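Q: Hi, I have a protein model open and would like to talk it through with you. Could we take it slowly, one topic at a time?

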Amino acid sequence: MKKTLVSMVWGVALVTSSAAFAAGEMGNMDMSSGATQSGAANSSMSHGEVKKVDMSTGKITIKHGPLENLGMEGMTMAFKVKDPAMLSQVKVGDKIDFVAEDINGALTVTKLQKQ
């Protein structure tokens, strides 16, 4: 019984000291710069070329470079648009700058301007 109790005390002490050590190591980290960089990435524009404009579905197909704020590599894909009026601003072949965000699980263009 005494041996079991001593083992439990040592186990608790070891777990507690490991957690305290890990918390101490993390305490010196500046977590605010990561949030700032993420916010900056969200507002930065990506570049692309309009491949298709579908007024009936409210979607635009864009051949684009990396979307850093979404962690995506360059590809061609269809996006919803936040405001359907955006679709009347562009035509197939236009070079554009845009911001795409994940809104409720749907990749959506929230800002759009011709180059």
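Q: Which residues have the most contacts inside the largest nonpolar core?
A: This is a predicted model, and in it the largest nonpolar core has 16 residues, among which Ile-60, Ile-62, Phe-79, Ile-96, Phe-98, Val-109 and Leu-112 have the most contacts inside the core.

Q: And which elements give two or more residues to this core?
A: Those elements are strand 2, strand 3 (75–81), strand 4 and strand 5. As a general point, nonpolar side chains tend to be buried together in soluble globular proteins.

Q: Let's pick one of them: what is Ile-96 in contact with?
A: Leaving aside neighbours within four places in sequence, Ile-96 is in contact with ten residues that can be listed in full: Ser-46, His-47, Gly-48, Val-50, Ile-62, Val-90, Leu-112, Gln-113, Lys-114 and Gln-115.

Q: OK, stepping back, how many helices and strands are there in the chain?
A: The protein chain has two helices and five strands, and when you read along the sequence they follow the pattern α-α-β-β-β-β-β.

Q: In what order do the strands close into a barrel?
A: The five strands close into a barrel in the order 1-2-3-5-4, and their pairing is mixed. From one strand to the next, the twist averages 55°.

Q: How do strand 4 and strand 5 pair?
A: Strand 4 and strand 5 (residues 106–114) pair in the antiparallel sense over eight bridges. Within that pairing, Ala-100 has Val-109 as its bridge partner in strand 5, while Glu-101 has Thr-108. The hairpin of these strands has two residues between them, and there Asn-104 takes a positive phi near 55°.

Q: What about strand 1 and strand 4, in which sense do they pair?
A: Strand 1 (residues 46–54) and strand 4 (residues 95–103) pair in the antiparallel sense, over four bridges, and one example is His-47, whose bridge partner in strand 4 is Asp-97.

Q: New topic: is His-64 buried or exposed?
A: His-64 lies in strand 2 (residues 59–64), and it counts as buried because its relative accessible area is 5%, whereas the cut-off for buried is under 20%.

Q: So which residues is His-64 in contact with?
A: If we leave aside neighbours within four places in sequence, His-64 is in contact with His-47, Gly-48, Glu-73, Gly-74, Met-75, Met-77, Phe-79 and Phe-98. You may recognise Phe-79 and Phe-98 from the list of core residues with the most contacts.

Q: For the whole chain, what share of the residues is buried?
A: Buried residues make up 24% of the 115 residues in the protein chain. The accessible surface of the chain comes to about 7900 Å², and 60% of this belongs to carbon and sulfur atoms.

Q: Last thing: which element has the lowest mean pLDDT, and which the highest?
A: Helix 2 (residues 32–43) has the lowest mean pLDDT, 43, and strand 2 has the highest, 98. Over residues 25–42 the pLDDT is below 50, and beyond near neighbours in sequence this stretch has three contacts in the model. The chain as a whole averages a pLDDT of 79, with 63% of the residues scoring at least 70. Where pLDDT is low, the predicted coordinates should not be read in detail.

Note on methods
Residues are numbered from 1 along each chain as its sequence is written. This is a predicted model: local features need pLDDT of at least 70, side-chain atom pairs count only at pLDDT 80 or more; totals for chains, interfaces and linings use all residues. Side-chain values use heavy atoms; hydrogens and water are left out. Buried means under 20% relative accessible area, exposed over 50%, partly exposed in between (1.4 Å probe, protein chains only). Contact means heavy atoms within 4.5 Å. Two strands pair if DSSP finds at least two bridges between them. A nonpolar core is a set of buried Ala, Val, Leu, Ile, Met, Phe, Trp, Tyr and Cys residues joined through side-chain atoms within 4.5 Å. Accessible areas come from the Shrake-Rupley method with a 1.4 Å probe; for residues, only the protein chains shown count as cover. Axes are lines fitted to C-alpha atoms, for helices over the stretch in contact, and angles run from 0 to 180 degrees between N-to-C directions. pLDDT is the predictor's confidence in each residue, from 0 to 100.
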